[in-house]
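The exercises below each set a task and then work through a solution step by step. Keep the sequence and the structure open beside the text while you follow them.

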Amino acid sequence: MKYAFPDNFWWGSASSALQTEGAREGETTWDYWFAREPNRFHNGVGPQQTSTFYQRWKTDIQLLKQLNHNSFRTSISWARLIPDGIGEVNPEAVDFYNQVIDELNEQGITPFMTLFHFDMPMAMQEIGGWENRDVVDAYARYAEICFELFGDRVLHWFTFNEPIVPVEGGYLYDFHYPNVVDFRRAATVAYHTVLAHAKAVQAYRAGHYAGEIGIVLNLTPSYPRSQNPADVKAAHIADLMFNRSFLDPVLRGEYPADLVALLKSYDQLPACKPEDGFLIAEGKIDLLGVNYYQPRRVKCRDSAVNPQAPFMPEWFFDSYEMPGRKMNPYRGWEIYEPGIYDILVNLRDNYGNPRCFISENGMGVENEQRFIENGQINDRYRIEFISEHLAWLHKGISEGCNCLGYHMWTFIDNWSWCNAYKNRYGFIQLDLETQQRTIKKSGEWFAATALNNSFEKE
């Protein structure tokens, strides 16, 4: 069967500044944490050892063109542009981002630019990070500077990438710095992130720029174990906390009433100001990026909550391992292709069918050198992964979902937070010793799909 996509469909991939550029002048939370606890990072590999995009941007953009990308998402590093978060702009950073943006446009690759992709300047974290409203204002200033510098040539902006992740990692589950386990502080971080997002949107609108502004959310559909009311309620609460806590503010301009009521009943609401509601209402977006990797399967709790334990989302549900599920064993994630369709249908039916695109989807595999044939990684599993997801994406589009593109994570194997280079995601293999780039089979497949705006599948 042939799967053909709409004209002007966005074919591309996504990356981030911190994961690709290499060392920068301004210290981030990652640099700080790695210097103090390198043992928390896979093989002791930190964020200075990346795929050197800062030096190799020109030849890397040529590779993007070779893969027939018509669009590419990366991010600006706040700590590179404004090393202390609030002071002078670094002219070398301005030159670098100008060159990247101009080269992408010249090669016919539309730049999609994210303002914040997990890389808090350490100077901002030292005054409380997203817990401090002064950091919200500093971020709004940073966003405004980016729009002024680059807004004439970047027409697709995203305020945040996966804003729930720093909340989960840094303030609930101890997998990002500052390694806090405190739900109320987590709720404050999430709330202030939404305020920061809204302030950036406000600044963008005030500047009357030619493009559009949005946000990238990692949406994990919550599936109940059964239709038992207790399981259904558990899935609903998981959805409220992990999806709708950001989805509703950015698309509806307000929080779900039942989420607010739930947190209030446990005294976990962040401090709010009367004017916040007006600001949040002004943060409605033009374009939603959807990152989809895996579903969330939940059931009602089987055991009572320990009253001495910290308040957690898991007070309301347990995770459920569905028998017969398909797994990516290297990442420990379920592969469930219809989830991408379910996300799009939910957006169509419950959120007014917003303009959206798949901004990340990908499969990380360990020790891919096993699959080298004639000097090239034959990653058939990745081609299958992409084509299965694209088939369900195609179904959503054919049923009226307003999905405009598909970006894969990622372009060249890159450094991945605490996992370093354990799992490889790229269309292009990176040799860490030599920095040599070699296109994998999946890269060739994707280039052909993008060129033809279609692919064939049995």
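**Exercise 1. Describe the largest cavity and the helix that helps to line it.**

Step 1. Begin with the elements: α2 (29-36) and α8 each supply at least two residues of the lining of the largest cavity. The model is a predicted one, and every value in these solutions is computed from it.

Step 2. Turn next to the space itself, which has a volume of about 150 Å³ and is lined by 14 residues, with Thr29, Phe118, Gln125, Pro166 and Tyr177 lying nearest its centre. Sorted by class, the lining of the largest cavity holds ten nonpolar and four polar residues, and no charged ones.

Step 3. Now examine α8, for which the cut-off for a buried residue is under 20% relative accessible area. Eight of the eight residues of α8 are buried, so this helix is largely enclosed by the rest of the structure. The buried residues of α8 include Pro166, Glu168 and Tyr171, and the partners against which the buried residues pack are α6 (122-125), α9 (183-206), β6 (212-218), α10 and β9.

**Exercise 2. Characterise the second largest cavity, and state how many cavities there are.**

Step 1. The structure holds five cavities of 30 Å³ or more, and in the second largest of them lies about 70 Å³ of space.

Step 2. Among the residues that line the second largest cavity are Ser15, Ser51, Phe53, Asp60, Phe72 and Ile412. The elements giving two or more residues to this lining are α3 (53-66) and β3 (71-75).

Step 3. By class, the lining of the second largest cavity consists of four nonpolar, five polar and one charged residues.

**Exercise 3. Work out what surrounds the largest pocket, and which element gives the largest share of its lining.**

Step 1. The volume of the largest pocket is about 1200 Å³. Its lining is made of 41 residues, and those nearest the centre are Glu168, Phe175, Gln294, Arg331 and Trp333.

Step 2. At least two lining residues come from each of α8 (164-171), α10 (229-252), β9 (296-299) and β12 (333-334), and α8 gives the largest share, three residues.

Step 3. The lining of the largest pocket divides into 17 nonpolar, 14 polar and ten charged residues.

**Exercise 4. For two polar side chains, Asn161 and Asp413, decide whether each is buried or exposed, and find a polar partner for each.**

Step 1. Asn161 is placed in strand β5 (residues 156-161), and because its relative accessibility is 1%, Asn161 counts as buried.

Step 2. The side chain of Asn161 is joined to that of Asn291 by a polar contact of 3.3 Å. With neighbours within four places in sequence left aside, the contacts of Asn161 include Arg73, Phe116, His117, Val216 and Glu360.

Step 3. Asp413, by comparison, is located in the loop between β17 (403-409) and β18 (423-424), and its relative accessibility of 1% is why Asp413 counts as buried.

Step 4. A polar contact of 3.0 Å links the side chains of Asp413 and Arg424, while the side chain of Asp413 also reaches the backbone nitrogen of Tyr425 at 3.5 Å. Beyond neighbours within four places in sequence, Asp413 is in contact with residues including Ser51, Tyr421, Gln429 and Lys440.

**Exercise 5. Establish how many disulfides the structure contains, and account for Cys356.**

Step 1. The cut-off needed here is a pair of cysteine sulfur atoms within 2.5 Å, and by this rule the count comes to zero disulfides.

Step 2. Cys356 is therefore in no disulfide, given that the nearest cysteine sulfur, that of Cys403, is 4.6 Å away. With a relative accessibility of 2%, Cys356 counts as buried.

**Exercise 6. Locate Phe9 and list some of the residues that it touches.**

Step 1. Phe9 is found in the loop between β1 (2-4) and β2 (10-14), and at 2% relative accessibility Phe9 counts as buried.

Step 2. Not counting residues up to four places away in sequence, Phe9 touches residues including Asn70, Leu393, Cys403, Tyr406 and Asn453.

Step 3. For a sense of distance, take Phe9 together with Pro310: the two are 301 residues apart in sequence and 46 Å apart in space, C-alpha to C-alpha.

Definitions and conventions: Residues are numbered from 1 along each chain as its sequence is written. This is a predicted model: local features need pLDDT of at least 70, side-chain atom pairs count only at pLDDT 80 or more; totals for chains, interfaces and linings use all residues. Side-chain values use heavy atoms; hydrogens and water are left out. On a 1 Å grid over the protein atoms alone, a cavity is a set of points where a 1.4 Å probe fits but cannot get out, and a pocket is an open set with protein on both sides within 12 Å along at least five of seven lines; lining residues have an atom within 4 Å of a point. Grid points are joined across faces, edges and corners, and a volume is the space filled by probe spheres set on the points. Helices (H or I, at least four residues) and strands (E, at least two) are DSSP runs, numbered from the N terminus. Ala, Val, Leu, Ile, Met, Phe, Trp, Tyr, Cys and Pro count as nonpolar, Asp, Glu, Lys and Arg as charged, and the others, Gly among them, as polar. Buried means under 20% relative accessible area, exposed over 50%, partly exposed in between (1.4 Å probe, protein chains only). A polar contact is a pair of N or O atoms within 3.5 Å; within protein, one must be able to donate a hydrogen and the other to accept it, and residues adjacent in sequence count only if both atoms are side-chain atoms. Contact means heavy atoms within 4.5 Å.
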